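Reader: I would like the labels used for this model explained, each one set against its cut-off. Where do we begin?

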Amino acid sequence: MDVKVESFELDHTKVKAPYIRLAAVEEGPKGDIVAKYDLRFITPNKGAISSGGMHTLEHLLALFIREELDGIIDISPMGCRTGFYLTKFGITPLSEIKKALESAFEKILKAEEIPAANEVQCGNYKDHSLADAKEAVEKVLNEGLSLLENV
């Protein structure tokens, strides 16, 4: 099988988080452009966000990033719990992704509740940590997000 998975092609020993990079661009059969961004909060293999913190970030970013950027398809947590993939229609400059993410982070730091953290709207509503989510965001803001053109 000769299938390539972009994230498996990335040399995880050569990147230092926090950063944003354009990970992939695909053109659909009707000409739609879809871009995937790697939003890395923690350097790979040097730590991870707690399960509850990651889950809470997923809920908060799902809401707040859509307030900042148009054309969002999804924001998905990485299984390694070091960041998220942002998928959207069209290519947006990294500087705009950074500005939108930092604005979303500021909203997260002010959040007092977790959206949709209930049995009806969430498949694992007991596994959340607003404190861990805020700690991860604060760390990224303090360290500053780098923009990686090529890795």
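Author: With exposure: a residue is called exposed when its relative accessible area is over 50%, buried when that area is under 20%, and partly exposed in between. The model itself is predicted.

Reader: What makes Asn-45 count as exposed?

Author: Its relative accessibility is 69%, and the cut-off is over 50%, so Asn-45 counts as exposed. Asn-45 is found in the loop between E2 and H2. Its phi is near 65 degrees, a positive value in a residue other than glycine.

Reader: Why is Arg-81 called partly exposed?

Author: Arg-81 has 34% relative accessibility, which falls between 20% and 50%, so the label is partly exposed. Arg-81 lies in the loop between E3 and E4. These two strands form a hairpin with 5 residues between them, and Arg-81 in the turn has a positive phi of about 65 degrees.

Reader: How do you know that Asp-38 is buried?

Author: The value for Asp-38 is 0% and the limit is under 20%, therefore Asp-38 counts as buried. Asp-38 sits in strand E2. Leaving aside neighbours within four places in sequence, Asp-38 is in contact with residues including Leu-10, Tyr-19, Met-78 and Phe-84.

Reader: What makes the pairs of Asp-38 with Tyr-19 and with Arg-40 polar contacts?

Author: A polar contact is a pair of N or O atoms within 3.5 Å, one able to donate a hydrogen and the other to accept it. The side chains of Asp-38 and Tyr-19 are joined at 3.1 Å, and the side chain of Asp-38 meets that of Arg-40 at 3.0 Å. Both pairs are listed as polar contacts.

Reader: Why are E3 and E5 described as edges of the sheet?

Author: The 5 strands form an open sheet in the order E3-E4-E2-E1-E5, with mixed pairing. E3 and E5 (146-148) each have a single partner strand, so one side of each is left without a neighbour in the sheet. The twist averages 20 degrees from one strand to the next.

Reader: How do you know that E4 pairs with E2 and with E3?

Author: Pairing takes at least two bridges. E2 (residues 33-40) and E4 are joined by 7 bridges, while E3 (residues 72-77) and E4 are joined by 5. E2 runs antiparallel to E4, and E3 is also antiparallel to E4. On the E2 side, Val-34 stands opposite Phe-89 and Arg-40 has Gly-83 as its bridge partner. On the E3 side, Asp-74 stands opposite Thr-87.

Reader: What makes E4 mostly covered?

Author: Of the 7 residues in E4 (residues 83-89), 6 are buried.

Reader: Why is H2 called roughly perpendicular to H4?

Author: H2 (residues 51-68) and H4 (residues 130-143) pack at about 75 degrees, with axes 7 Å apart. The range for roughly perpendicular is 65 to 115 degrees, so that label applies to H2 and H4. Gly-53, Thr-56, Leu-57 and Leu-60 in H2 meet Leu-130, Asp-132, Ala-133, Ala-136 and Val-137 in H4. By class, this contact has 6 nonpolar, 2 polar and 1 charged residues.

Reader: What angle does H3 make with E1?

Author: H3 (residues 94-110) runs at about 120 degrees to E1 and lies across E1, E2, E4 and E5. Roughly perpendicular ends at 115 degrees and roughly antiparallel starts over 145, so this angle counts as oblique.

Terms used:
Residues are numbered from 1 along each chain as its sequence is written. This is a predicted model: local features need pLDDT of at least 70, side-chain atom pairs count only at pLDDT 80 or more; totals for chains, interfaces and linings use all residues. Side-chain values use heavy atoms; hydrogens and water are left out. Axes are lines fitted to C-alpha atoms, for helices over the stretch in contact, and angles run from 0 to 180 degrees between N-to-C directions. Helices (H or I, at least four residues) and strands (E, at least two) are DSSP runs, numbered from the N terminus. Angles under 35 degrees count as roughly parallel, over 145 as roughly antiparallel, 65 to 115 as roughly perpendicular and the rest as oblique. Contact means heavy atoms within 4.5 Å. Ala, Val, Leu, Ile, Met, Phe, Trp, Tyr, Cys and Pro count as nonpolar, Asp, Glu, Lys and Arg as charged, and the others, Gly among them, as polar. Buried means under 20% relative accessible area, exposed over 50%, partly exposed in between (1.4 Å probe, protein chains only).
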